[in-house]
Amino acid sequence: MVKGHDSGPELPRCPRALRRPGAALPWPPAPQPSGSGPHHLLTGDQRPSRAPVACGLSQEGFPSPIRPGFYRGLASYLGDRPLAHAKMGGLRGLSLGRALLGIMALRAGDQVAMNGLKEKVLTLDTMNPCVRRVEYAVRGPIVLRALELEQELRQGVKKPFTEVVRANIGDAQAMGQKPITFLRQVLALCVHPDLLNSPDFPEDAKRKAERILQACGGHSLGAYSVSSGIQLIREDVAEYIERRDGGIPSDPNNIYLSTGASDAIVTVLKLLVAGEGPTRTGVLIPIPQYPLYSAALAELNAVQVDYYLDEERTWALDVAELRRALCQARAHCRPRALCVINPGNPTGAPPVAPICSRPPPPPTPPHPPWPQERQAVLAELAAKAKLTEQVFNESPGIRCNPVQGAMYSFPRVQLPPRAVQRAQELSLAPDMFFCMRLLEETGICVVPGSGFGQREGTYHFRMTILPPMEKLRPLLEKLSQFHAKFTREYS
């Protein structure tokens, strides 16, 4: 009986196997036997068996992301460790979400299930097929391997490098970019209003914070707001749009605030997707593309319609190519939306827009002025972009278009035919093979261009330009030297 209740059915007890000390639970992970590593597969309850699974590992020591059974192999390859990284992208992570799900499903279906069930409730075969098709290269198997290498370095395992360089993702402040002082001051004051009485904060930041708090329920940042967002903020956004567009009216009631651009894009796509078969909604997206678009379209069971940007013209949009994609798509779907973001991720970001819809007034010294800090950040990004283009274009076999924005380069690399052949033998995309070898030998983590889409026969990788200048040049030179070595090895 449930304690505190006089009647009612007795609730099922936690199985004894789950309660006893040292029970074989999915987490925390059981220690691996000495000598086990990426070449020794540990499959669920078969520890410490080293018998390979069907998808196995290549001689280079990493799993194939496209070979049948890869996710079950990845579960064996990684053991329980990915559970520690479950917050990375959730089910949208290419391989990560499905690897986690695969691990849980495989373990849940052990023949001697601890909960007494003999059939799996959720497996890769019974899950939502739309979710199963989702891929997200930015958080895929190469990132999982980078996490594993970091762990091995912490454990004292000898590597040909001393640190893993996360050049795969545009995490500006993790790379040391200084945050804007005024924004941090306003946030601090809103979160902890008692600081409004502190002499350590400038008056302009206090006025900004008080204005925001007045618009919140109970004058608290923790209060709920209407679904479209705080009215005052929407009015400020509408005012900014009207000023930006030369006086064209903007209605705050048509402004809908979201927690980042990704959520807004997915919400709009949900409204557009409809129909079945040849009437299913098609969405035209630029290639190369950020995997958000392909992942969201796969999850919503919409039709992805690719149109290729022109790399020879600095990733320009070609109207003839757009027309070709549209005409071909009409034969099997109903195109209803066109994504135009150029230059975009991964080929460069658009010019940085004003960070706030209502910028602060000139501050009173000695507080750092907003324009000065903002300009310093933009100037440093411009210098990094120029350096990246210069170093890559001086390297034989690497070609990099000008980085037209803030955070990413998308260089094209020439790969020898023997390297392409070896990748095919491993059921790997050639640029994935290159990037995995780069990671294993140098500790540099970049994302293969095949995860973003590219023209057949071309190979790329995406790399952030955010590392500090004192680290960026050695990083670029090291990467260029590896490409030269890789080319000699497979020539």
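Helices (H or I, at least four residues) and strands (E, at least two) are taken here as DSSP runs, numbered from the N terminus. On that basis, the protein chain of this predicted model holds 15 helices and 10 strands. Of the 491 residues in the chain, 45% are buried. Contacts across long stretches of sequence are well represented: among those with a separation of 6 or more, 61% join residues that lie 24 or more positions apart.

A good place to begin a closer look is helix α5, which spans residues 141–154. Its 14 residues cover 20 Å from the first C-alpha to the last, close to the 20 Å expected at 1.5 Å a residue. Burial counts as a relative accessible area under 20%, and 11 of the 14 residues of α5 are buried, so this helix is largely enclosed by the rest of the structure. The buried set starts with the run P141, I142, V143, L144, R145, A146 and L147, and also takes in E148, L149, E150 and E152. Charged side chains are thus represented in the buried set, since Asp, Glu, Lys and Arg count as charged and R145, E148, E150 and E152 are among the buried residues. After α5 comes G156, which has a positive phi, near 90°.

Helix packing can be followed in the pair α6 and α7, made up of residues 181–191 and residues 203–214 respectively. The axes of these two helices are 9 Å apart and meet at an angle of about 50°; α6 and α7 are therefore oblique to each other. Their crossing is right-handed. On the α6 side, the contact is formed by F182, Q185, V186, L189 and C190, while α7 contributes D204, A205, K206, K208, A209, I212 and L213. Sorted by character, the residues of this contact comprise 8 nonpolar, 1 polar and 3 charged.

Turning to the strands, β4 covers residues 334–338 and includes P335. With a relative accessibility of 22%, P335 counts as partly exposed, because the buried class is reserved for values under 20% and the exposed class for those over 50%. Once neighbours within four places in sequence are set aside, the contacts of P335 are with G282, L284, L326, A329 and R330. A further reference point for this residue is A302: P335 and A302 are separated by 33 residues in sequence, and their C-alpha atoms are 9.9 Å apart in space.

Definitions and conventions: Residues numbered from 1 in each chain as written. Predicted model: local features only at pLDDT ≥ 70, side-chain atom pairs only at ≥ 80, totals over all residues. Heavy atoms only, no water. Axes fitted to C-alpha atoms, helices over the stretch in contact; angles between N-to-C directions. Parallel < 35°, antiparallel > 145°, perpendicular 65-115°, else oblique. Left-handed = near helix turned anticlockwise from the far one by under 90°. Contact = heavy atoms within 4.5 Å. Expected span 1.5 Å × (residues − 1). Buried < 20%, exposed > 50% of the residue type's maximum accessible area, 1.4 Å probe, protein only.
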